[in-house]
Amino acid sequence: TLLRHRQPQKAARASKNDQEHTSRAVANGCGARGPGRGASTRSKRRQPRHGQHKSGRMAIYCLDAGAATTRVCLAGEDAPRVRVPSARGDNEQTPQTPSSPSRGLAPDWAAAEEVWLAALAAAAPTVDAQAVVITKPLLAPERTTRRLRKFALKIAPRVWVCEAPTLALLGAGLETGVAVDVGATAARAVPVVDGRAVPHAARAAARLGGDALDARVGQVLTAKGLRFSSKKSFFAAARKVKETAAAVQSERRPQLSLLTVELEDGQSVSLTTEDRLRIGEQLFDGGGIDAVGLHELVLAAAVAAADGAKRAKLLNGVFVCGGGGGGGAGRTGEGG
């Protein structure tokens, strides 16, 4: 898919090579009986070579370095195999030396490469990567792209460095849509048209990121009388509350009830319906006067990117991703 959009000539050659390879395989009886082979001939199951999936496909690593976590998977899988903190040493947010370029700061490249290599080794220690797809922030400077490519070439001979929103949509089977990334530091709505991001139409809001939700959870927990001995224990509690208790208004769901959450440090907190909505609704009220919500970010990005039928296609292909909001990924269909 990436080749088709960015290097059409190479994609055409690759497609031709695939067809020739398939024709030779059929003629030789690999996976199908060729002419002249009897029904008693059985194709032997070949063991995958070192550096391949069990299915025999090329092993392609996908590495996404976020502001708070770094995720690694093998191409074709639905979820990351490995999630590790993007900061060295501990799991606390806002580290002094961030090891991710997505915060918009000059990263500690030595620390970043140490984290990335450990994540790649943990993802598939017995598989040699034949290609690496690594994400970069939208509008990343050319020096960042070169540095990411230089790192990835240490792992595999084939490298693609691509914008994260474009990869998110392509991974969901969409070529046109709006990628809504709720990250640790901000939420971003990036329109993608025909497989290419539209940077000038992207919209972002810091009040909608995971750090802002953590702060809202902290206000709720403090009002309940809870105290924490360290930032690490606080962020662990905030994440668990976000994932298990946060909610938004919905006519399709029955009335919310009182919920008690057991925290990792032994404390427990009972959250009323109002408490749960106060946390989740920040994604849509922006957490303050004149602040925008996720729905307004998406609409503003789509309006700035296109008009007419193309705008309708953008709004019918909204894909929500990122871990800052405490959830997974999802796609809205037509009318969603």
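# A walk through the predicted model

Of the 336 residues in the chain, 40% are buried. Keep in mind as you go that this is a predicted model. Start with the whole chain in cartoon view, where you will find eleven helices and 13 strands. Switch on the surface: the accessible area is about 19,000 Å², and carbon and sulfur atoms account for 50% of that. Contacts over long stretches of sequence are well represented too: taking the contacts between residues at least 6 apart, 57% join residues at least 24 apart.

**Stop 1: the largest nonpolar core**

Select Tyr 61, Leu 63, Val 72, Trp 116, Val 132 and Ile 134, and show their side chains. The largest nonpolar core has 25 residues, and these six touch the most other members. Now colour the elements that each give two or more residues to this core: strand 1 (60-65), strand 2 (69-74), helix 3 (109-123), strand 4, helix 4 and strand 5 (158-163). Which element gives the largest share of this core? Helix 3 does, with seven residues.

Next, centre the view on Leu 63. Beyond its neighbours within four places in sequence, its contacts include Thr 70, Arg 71 and Val 72. Trp 116 and Leu 120 are also among the contacts of Leu 63, as are Val 133, Ile 134 and Thr 135.

Before leaving this region, pick Leu 139, in the loop between strand 4 (131-136) and helix 4 (142-152). Is Leu 139 buried or exposed? Its relative accessible area is 66%, so Leu 139 is exposed. Try a distance from Leu 139 to Glu 163: the two are 24 residues apart in sequence, and their C-alpha atoms are 8.3 Å apart in space.

**Stop 2: helix 6**

Move on to helix 6, residues 210-223. Its 14 residues, at 1.5 Å a residue, should span 20 Å, and the end C-alpha atoms are indeed 20 Å apart. Select its buried residues: Gly 210, Ala 212, Leu 213, Asp 214, Arg 216, Val 217, Gly 218, Val 220 and Leu 221. What do the buried residues of helix 6 pack against? Their partners are helix 7 (231-244), strand 11 (268-271), helix 8 and helix 9 (282-285). Just past the end of helix 6, click on Gly 225, which has a positive phi of about 90 degrees.

**Stop 3: charged pairs**

Side chains of opposite charge can pair when their charged atoms come close. The model has seven salt bridges, and three of them make good stops.

For one of them, show Lys 242 and Asp 214, whose side chains form a salt bridge at 3.1 Å, N to O. Lys 242 belongs to helix 7 and Asp 214 to helix 6, so this pair ties together parts that are 28 residues apart in sequence. Both partners count as buried: Lys 242 has 7% relative accessibility, and Asp 214 has 4%.

Another is the salt bridge between Lys 224 and Asp 275, with the closest N and O atoms 2.8 Å apart. It links distant parts of the chain, since Lys 224 sits in the loop between helix 6 and helix 7 while Asp 275 is in helix 8, 51 residues apart. Lys 224 is partly exposed at 36% relative accessibility, whereas Asp 275 is buried at 12%.

Then select Arg 239 and Glu 243, which meet in a salt bridge of 3.1 Å, N to O. These two are four residues apart in helix 7, which means that about one helical turn separates them. Arg 239 is partly exposed, with a relative accessible area of 40%, and Glu 243 is partly exposed at 43%.

**Stop 4: a buried arginine without a partner**

Finish at Arg 276 in helix 8 (residues 273-280). Which side chain of opposite charge is nearest to Arg 276? That is Asp 275, 8.8 Å away; Arg 276 is buried yet has no salt bridge. You have already met Asp 275 as the salt-bridge partner of Lys 224.

To see what surrounds Arg 276, leave aside its neighbours within four places in sequence and show Thr 244, Ala 245, Ala 246 and Ala 247, which are among its contacts. Then add Leu 256, Ser 257, Leu 259 and Leu 271, which are also in contact with Arg 276.

How values were computed:
Residues are numbered from 1 along each chain as its sequence is written. This is a predicted model: local features need pLDDT of at least 70, side-chain atom pairs count only at pLDDT 80 or more; totals for chains, interfaces and linings use all residues. Side-chain values use heavy atoms; hydrogens and water are left out. Buried means under 20% relative accessible area, exposed over 50%, partly exposed in between (1.4 Å probe, protein chains only). Lys and Arg count as positive and Asp and Glu as negative; His and the chain ends are not counted. A salt bridge is a side-chain nitrogen of Lys or Arg within 4 Å of a carboxyl oxygen of Asp or Glu. Contact means heavy atoms within 4.5 Å. Accessible areas come from the Shrake-Rupley method with a 1.4 Å probe; for residues, only the protein chains shown count as cover. A nonpolar core is a set of buried Ala, Val, Leu, Ile, Met, Phe, Trp, Tyr and Cys residues joined through side-chain atoms within 4.5 Å. The expected span of a helix is 1.5 Å times one less than its number of residues.
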